[in-house]
Amino acid sequence: MRPFQPLFKNPHITTILANFWPREYDFTPYPREDRLIQTDEDTQVLVHTQNPANKPIGHVVLLHGLEGGGDAGYIVSMAFDALQAGFITHRFHMRTCGGTEKYCKTLYHGGLTSDLRTFLESLSGADGLPVFLIGFSLGGNVALKLAGELGGTELIHGVCAISTPIDLAAGVRRMGKLDNRLYERRFLKRMRKRLLGTGRYTRDQLNAARSLYEIDDKITAPSFGFEGADHYYATQSANSFLEHIRVPTLLIQAKDDTFIPFEIFRHPAIESNPFIELLATEHGGHLGYLSRHGARFWLDEVALGFLRNVIASAEENTENARITGTLAR
């Protein structure tokens, strides 16, 4: 694996620049199929699916972060590189995201795994190919929580979680600090616009919530029957599910991520669970990781390299088992 050499060491610069960095790719060889997946009686979620030009080696499901979607920069670059690496690529949208407000009667939250599980069940066994999750920020929490809920499973064969608030309460507290105020205001603006688009809230209701915590406490938590934001965070954070993960899992986290305190990655399950590997870097910001040398988007290279290694390891184990079985006969 190529060590990360940051283009910039300031976490705010790398976070902002990575978000706006041009991603000009030719997706012409990979026609996109847009599908609405029925996950319950009142919910459809949007998935953009693209196939590689050659024989596929697996599926990758990409999970966006807070207020993101399939056109987020980090999703676009990872999707292109995944297609070139031979993966069938699925850009999964959480409820009401990506302009899908009219297809859902409920919102999304950081621990809502039922929609993703339904989609994975539709992929299971269809072609015999392994299925992987790559989750970004809040999407990483969803991916890790689902992996923990499933434990030993055939639905997914590996997980990569990048810049993930595995402790939602700690992440929201950090986001509320003065140095993150610009980001929080941007998130709030996008959240209010999306929530207003559902037709279920008034502008006055939304303007009354002046922080991410207040949005979660006044809107998200009641929508799902949680007893306020604290109850929501305590029950839906991935850190409570890490010990149950039984598929190869890579956590990529920058120590200078201004959204997420690195202390939460000293969770005992990260050290004790042999299925989990933490790749911690000194720099990288939040979903930043602009590389000074080589391919600009270092995250793509590392995440997809991890998935390829999982596939190679599984193939090696299968071959060893076949040889052992032949010798036993």
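In the predicted model, the buried residues of helix H5 are Leu168, Ala169, Ala170, Gly171, Val172 and Met175. Because six of the eight residues of this helix, which spans residues 168–175, are buried, H5 is largely enclosed by the rest of the structure. The cover over these buried residues includes helix H4 (138–150), helix H6, helix H8 (212–223) and helix H9 (229–236). At the start of H5, a side-chain oxygen of Asp167 comes to within 3.2 Å of the backbone nitrogen of Ala169. Arg174 is partly exposed, with a relative accessible area of 21%, and its side chain meets that of Asp179 in a salt bridge with an N to O distance of 2.7 Å. Asp179 likewise counts as partly exposed, at 35% relative accessibility.

Arg174 also enters the description of Asp257, a residue found in the loop between strand E7 (249–254) and helix H10 (268–272). Asp257 is buried yet has no salt bridge, and the nearest side chain of opposite charge, that of Arg174, is 7.4 Å away. Since a salt bridge requires a nitrogen-to-oxygen approach within 4 Å, this separation is not counted as one. A polar atom of the Asp257 side chain does, however, lie 2.8 Å from the backbone nitrogen of Phe259. When neighbours within four places in sequence are left aside, Asp257 is in contact with Ser163, Gly285 and His286.

The structure holds 11 salt bridges in total. One of them joins Arg2 to Glu301, with the closest N and O atoms 2.7 Å apart; this pair links distant parts of the chain, as Arg2 belongs to the segment before helix H1 (11–20) and Glu301 to helix H11 (residues 298–328), 299 residues apart. Both partners retain some accessibility: Arg2 counts as partly exposed at 22% relative accessibility, and Glu301 is partly exposed with a relative accessible area of 32%. A further salt bridge is formed by Arg194 with Glu67, the closest N and O atoms being separated by 2.8 Å. Arg194 lies in helix H6 (residues 181–197) and Glu67 in the loop between E3 and H2, so that the pair ties together parts 127 residues apart in sequence. In this case both Arg194 and Glu67 are buried. Elsewhere, Asp40, Arg95 and Asp115 are linked in a network of salt bridges.

The strands are described next. Eight of them form an open sheet of mixed pairing, in the order E1-E2-E4-E3-E5-E6-E7-E8. The edges are occupied by strand E1 (32–40) and strand E8 (276–281), each of which pairs on one side only. Neighbouring strands of the sheet are turned against each other by 20° on average, direction ignored. E1 pairs with strand E2 (residues 43–50) in the antiparallel sense over eight bridges, and Glu33 stands opposite Thr49 in E2. Helix H2 (residues 73–84) packs on the sheet, where it touches E2, strand E3 (58–63), strand E4 (87–92), strand E5 (131–136) and strand E6 (158–162), and its direction makes about 160° with that of E4. Helix H3 (residues 114–123) lies across E1, E2, E3, E4 and E5, and runs at about 165° to E3.

Methods:
Residues are numbered from 1 along each chain as its sequence is written. This is a predicted model: local features need pLDDT of at least 70, side-chain atom pairs count only at pLDDT 80 or more; totals for chains, interfaces and linings use all residues. Side-chain values use heavy atoms; hydrogens and water are left out. Helices (H or I, at least four residues) and strands (E, at least two) are DSSP runs, numbered from the N terminus. Buried means under 20% relative accessible area, exposed over 50%, partly exposed in between (1.4 Å probe, protein chains only). Lys and Arg count as positive and Asp and Glu as negative; His and the chain ends are not counted. A polar contact is a pair of N or O atoms within 3.5 Å; within protein, one must be able to donate a hydrogen and the other to accept it, and residues adjacent in sequence count only if both atoms are side-chain atoms. Contact means heavy atoms within 4.5 Å. Two strands pair if DSSP finds at least two bridges between them. Axes are lines fitted to C-alpha atoms, for helices over the stretch in contact, and angles run from 0 to 180 degrees between N-to-C directions.
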